[in-house]
Amino acid sequence: MNHWVEPSGIYETHLHVRDLKTSVAFYRDKLGLTLCYANPDRSLAFFWVGQARQQMLGLWEKPEDQIVRSHFAFSVSLRDLELAPAFLAERGIIYRDFFGNPGGEPTVHSWVPSVSLYFEDPDGHSLEYIALLPEGPRPELGAIPLSRWRELHRQTGKQRDV
């Protein structure tokens with residue numbers, strides 16, 4: 001058989017959490033996700049990520065020794081990524097750059113290129129806001145601050161309107 005089943009995206013991901021109520025409050029009230037299903041008897045909750053029925057995040061309450069810290073990224077627009085530091089700070093969420101510096105500048109991953117900010121949920125899962133950049137990849141630059149990326153593209157005339 002020579003046919004591949006090619007995924008078009010990731011529909012859902014799941015996290016184990018210590019306290020479902022605390023995690024529901026974080027994802028619903030601080031990040032603004034839409035709670036679409038909860039079953040307290042099974043200690044689980046599901047959220048739509050973005051448009052309903054397109055992507056889903058599931059939370060499962062488990063004992064501390066069953067929680068494995070995970071990482072995933074939320075796709076956002078470049079405009080929203082630029083607003084994310086203030087959004088997170090207003091909600092008391094400490095954000096960091098790729099290098100772990102609290103309150104650091106968004107980091108460009110030049111091989112994609114994309115720009116990211118990182119933060120954690122109440123259980124220490126590493127979360128990320130990521131936006132794709134319109135310019136072409138420049139992998140030789142590595143991971144650099146967004147201001148440096150923009151400076152380099154202004155100098156070379158490669159910056160497009162965003």
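**Note on a predicted single-chain model**

1. UniProt, in an unreviewed entry, lists residues 9-132 as "domain: VOC". The structure discussed here is a predicted model. Across residues 9-132, helix accounts for 19% of the chain and strand for 38%, and the C-alpha atoms at the two ends of this stretch are 16 Å apart.

2. The overall make-up of the chain comes next. The chain contains three helices and ten strands. Followed along the sequence, these elements are arranged as β-α-β-β-β-β-α-β-β-β-β-β-α. Along its principal axes, the C-alpha atoms fill a box of roughly 60 × 50 × 30 Å.

3. Burial and contacts may be read together. The chain has 162 residues, of which 38% count as buried. The chain exposes about 10,000 Å², and carbon and sulfur atoms supply 52% of that area. Among contacts between residues at least 6 apart in sequence, 56% join residues at least 24 apart.

4. Which residues of the largest nonpolar core touch the most other members? They are Tyr27, Leu31, Leu57, Phe74 and Phe119, in a core of 33 residues. Phe119 can be followed further. Leaving aside residues up to four places away in sequence, Phe119 touches Phe26, Leu31, Leu88, Ile93, Ile94, Tyr95 and Arg96, and also His125, Ser126, Leu127, Glu128 and Tyr129. Phe119 itself belongs to strand 8, which covers residues 114-120.

5. The backbone has a cis peptide bond that the student should locate. This bond runs from Val112 to Pro113, with omega near -10 degrees. As a general rule, most peptide bonds are trans. Pro113 is placed in the loop that joins strand 7 (107-109) to strand 8 (114-120).

6. Val112 also takes part in a surface feature. Together with Trp111 and Leu132, Val112 forms a nonpolar patch on the surface, and the three residues have about 360 Å² of accessible area together. Val112 lies in the loop between strand 7 and strand 8. Is Val112 buried or partly exposed? Val112 counts as partly exposed because its relative accessible area is 32%, and the partly exposed class runs between 20% and 50%.

7. Two residues deserve attention for their phi angles. Most residues other than glycine have a negative phi. Ser43 is not a glycine, yet its phi is positive, at about 55 degrees. Ser43 is found in the loop between strand 2 (34-39) and strand 3 (44-48). Arg53, likewise not a glycine, has a positive phi of about 70 degrees. The loop that holds Arg53 connects strand 3 with strand 4 (56-61). Arg53 is exposed, with a relative accessible area of 64%.

8. How many salt bridges does the model contain? The count comes to eight. One of them joins Arg18 to Glu64, with the closest N and O atoms 3.4 Å apart. This pair links distant parts of the chain, since Arg18 and Glu64 are 46 residues apart. Arg18 sits in the loop between strand 1 (12-17) and helix 1 (20-30), while Glu64 sits in the loop between strand 4 and strand 5 (71-75). Arg18 is partly exposed, at a relative accessible area of 40%, and Glu64 is likewise partly exposed, at 40%.

9. Glu64 has a further partner. The side chains of Arg69 and Glu64 meet in a salt bridge, with an N to O distance of 3.3 Å. Arg69 is partly exposed, with a relative accessible area of 39%. Through salt bridges that share partners, Arg18, Glu64, Arg69 and Asp123 are joined into one network.

10. Another salt bridge pairs Asp29 with Arg28, and here the closest N and O atoms are 2.7 Å apart. Arg28 counts as partly exposed, at 36% relative accessibility.

11. A final point concerns a proline. Pro40 lies in the loop between strand 2 and strand 3. Pro40 is classed as exposed because its relative accessible area is 65%, and exposed residues are those over 50%. Pro40 and Pro122 are 82 residues apart in sequence, and their C-alpha atoms are 19 Å apart in space.

Technical notes. Residues numbered from 1 in each chain as written. Predicted model: local features only at pLDDT ≥ 70, side-chain atom pairs only at ≥ 80, totals over all residues. Heavy atoms only, no water. Core = buried A, V, L, I, M, F, W, Y, C linked by side-chain atoms within 4.5 Å. Buried < 20%, exposed > 50% of the residue type's maximum accessible area, 1.4 Å probe, protein only. Contact = heavy atoms within 4.5 Å. UniProt positions renumbered as here; feature names shortened; annotations may be inferred. Helix = DSSP H or I, 4+ residues; strand = E, 2+ residues; numbered from the N terminus. Patch = residues over 30% accessible without salt bridge, like charges linked within 9 Å, V, L, I, M, F, W, Y side chains within 5 Å. Areas by Shrake-Rupley, 256 points an atom, 1.4 Å probe, with all protein chains shown as cover. Salt bridge = Lys/Arg side-chain N within 4 Å of Asp/Glu carboxyl O.
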